[in-house]
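Here is a quick tour of a protein model, taken from the inside outwards. Have the structure open and follow along.

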Amino acid sequence: MIETEASSLARVDGGEKIKCTHLKDLTQADIDIITKHLKPYVDTLADRVLAHLKSLEADEGGFPVTRLEHNVQCASRALRDGKDEEYVVAALIHDIGDRLCTYNHPEMAAAILQPFVRPELHWMVLNHEVFQGFYFFHLFGKDKEMRQKFKDHPCYDLTVEFCAKYDAPAFDPNYKSVPFEEFIPMVRRVFAKPRDYIYGDRFAGM
Ligand SMILES: [Fe+2]
Ligand SMILES: [Fe+2]
């Protein structure tokens with residue numbers, strides 16, 4: 001069962017606290033205390049991502065499936081087409097920003113994924129909206145071929161394929177998606193350890 005974001009945060013609250021109130025006064029002992037708190041926090045990142053993803057269940061936005069089902073269906077199509085785990089997890093959360101980044105939703109998913117997936121997948125998620133627009137921008141009086149501005153980018157074909165095969169068709173209420181729960185271990189594995197982190201291995205994946 002997935003916890004709510006609030007309960008996930010509450011679980012790592014409490015315990016020993018540092019005394020200093022301005023970071024200029026931090027000591028090595030303080031860093032050790034903070035590090036102790038950070039371990040369970042980084043360990044539960046996947047749970048917080050999953051909990052927020054689950055919250056998209058509340059909104060259909062006029063589509064025949066919920067925003068959660070759209071993400072799950074997109075990931076299901078990618079999984080069944082043989083895509084690897086990083087790709088499937090990227091597909092699973094590609095629209096996780098709909099609620100909090102309503103005007104720039106791809107940036108939220110891309111930011112969450114960036115430390116954990118290969119750069120091509122980060123680029124694909126970050127720019128998917130322009131490519132998805134091929135199917136409907138003209139209905140808003142926009143250029144449906146806006147994606148052409150990226151035509152020479154090495155991730156162009158990758159992102160065209162993502163939208164054509166997995167994202168654009170993922171609004172079908174009759175499609176039998178992979179159960180949400182089956183994606184949970186994949187999300188935990190992908191979010192287990194960042195590829196790169198400003199603090200190195202000190203906090204990450206300890
Ligand atoms: Fe999107
Ligand atoms: Fe989407």
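## Starting from one alanine

Setting aside residues up to four places away in sequence, Ala91 touches Cys74, Ala75, Ala78 and Tyr166. Keep in mind that this is a predicted model.

Ala91 is also one of the residues with the most contacts inside the largest nonpolar core, a list that includes Ala75, Ala90, Leu92, Ile93, Leu113 and Val187 too. That core has 39 residues. At least two residues apiece come from α3 (45–54), α4 (67–80), α5 (85–93), α6 (105–113), α7 (119–132), α8 (156–167) and α9 (180–190). The top contributor is α5, which puts in seven residues.

## The overall picture

Zooming out, the protein has nine helices and zero strands, so to speak a plain run of α-α-α-α-α-α-α-α-α when read along the sequence. The C-alpha trace spans about 60 × 40 × 30 Å along its principal axes.

Of the 206 residues in the protein, 30% are buried. As for contacts between residues at least 6 apart in sequence, 58% of them join residues at least 24 apart.

## The helix in the middle of the story

How much of α5 is buried? Seven of its nine residues are, so α5 is largely enclosed by the rest of the structure. The buried ones are Tyr87, Val88, Val89, Ala90, Ala91, Leu92 and Ile93.

And what covers the buried residues of α5? The cover includes α3, α4, α6, α7, α8 and α9. Two of these partners, α9 and α7, get a section each below.

## α5 against α9

The axes of α5 and α9 are 10 Å apart, and the two helices pack at an angle of about 110°. Angles of 65 to 115 degrees count as roughly perpendicular, so α5 and α9 are roughly perpendicular to each other.

On the α5 side, the contact is made by Glu85, Glu86, Val88, Val89 and Leu92. Facing them from α9 are Phe183, Met186, Val187, Arg189 and Val190. Sorted by class, the residues of this contact come out as seven nonpolar, no polar and three charged. Two names here also turn up among the residues with the most contacts inside the core: Leu92 from α5 and Val187 from α9.

## α5 against α7

With α7, the geometry goes another way: the axes of α5 and α7 come within 10 Å and cross at roughly 20°. Angles under 35 degrees count as roughly parallel, which is why α5 and α7 are described as roughly parallel to each other. Their crossing is right-handed.

Here Glu86, Tyr87 and Ala90 in α5 meet Leu121, Met124 and Val125 in α7. The class split for this contact is five nonpolar, no polar and one charged. Glu86 takes part in the contact with α7 and also in the one with α9.

## Out on a loop

For a change of scene, look at Cys20, in the loop between α1 (5–11) and α2 (28–43). Is Cys20 buried or exposed? It has 10 other C-beta atoms within 10 Å, and 12 or fewer counts as exposed, so Cys20 is exposed.

Cys20 still has some company: leaving aside its neighbours within four places in sequence, Cys20 is in contact with Asp25, Leu26 and Asp30. Take Asp30, which is ten residues from Cys20 in sequence and 8.2 Å away in space, C-alpha to C-alpha.

Key: Residues numbered from 1 in each chain as written. Chains lettered and ligands numbered in written order. Predicted model: local features only at pLDDT ≥ 70, side-chain atom pairs only at ≥ 80, totals over all residues. Core = buried A, V, L, I, M, F, W, Y, C linked by C-beta atoms within 7 Å. Buried ≥ 20, exposed ≤ 12 C-beta atoms within 10 Å, placed from the backbone. Helix = DSSP H or I, 4+ residues; strand = E, 2+ residues; numbered from the N terminus. Contact = placed C-beta atoms within 7 Å. Axes fitted to C-alpha atoms, helices over the stretch in contact; angles between N-to-C directions. Parallel < 35°, antiparallel > 145°, perpendicular 65-115°, else oblique. Nonpolar A, V, L, I, M, F, W, Y, C, P; charged D, E, K, R; others polar. Left-handed = near helix turned anticlockwise from the far one by under 90°.
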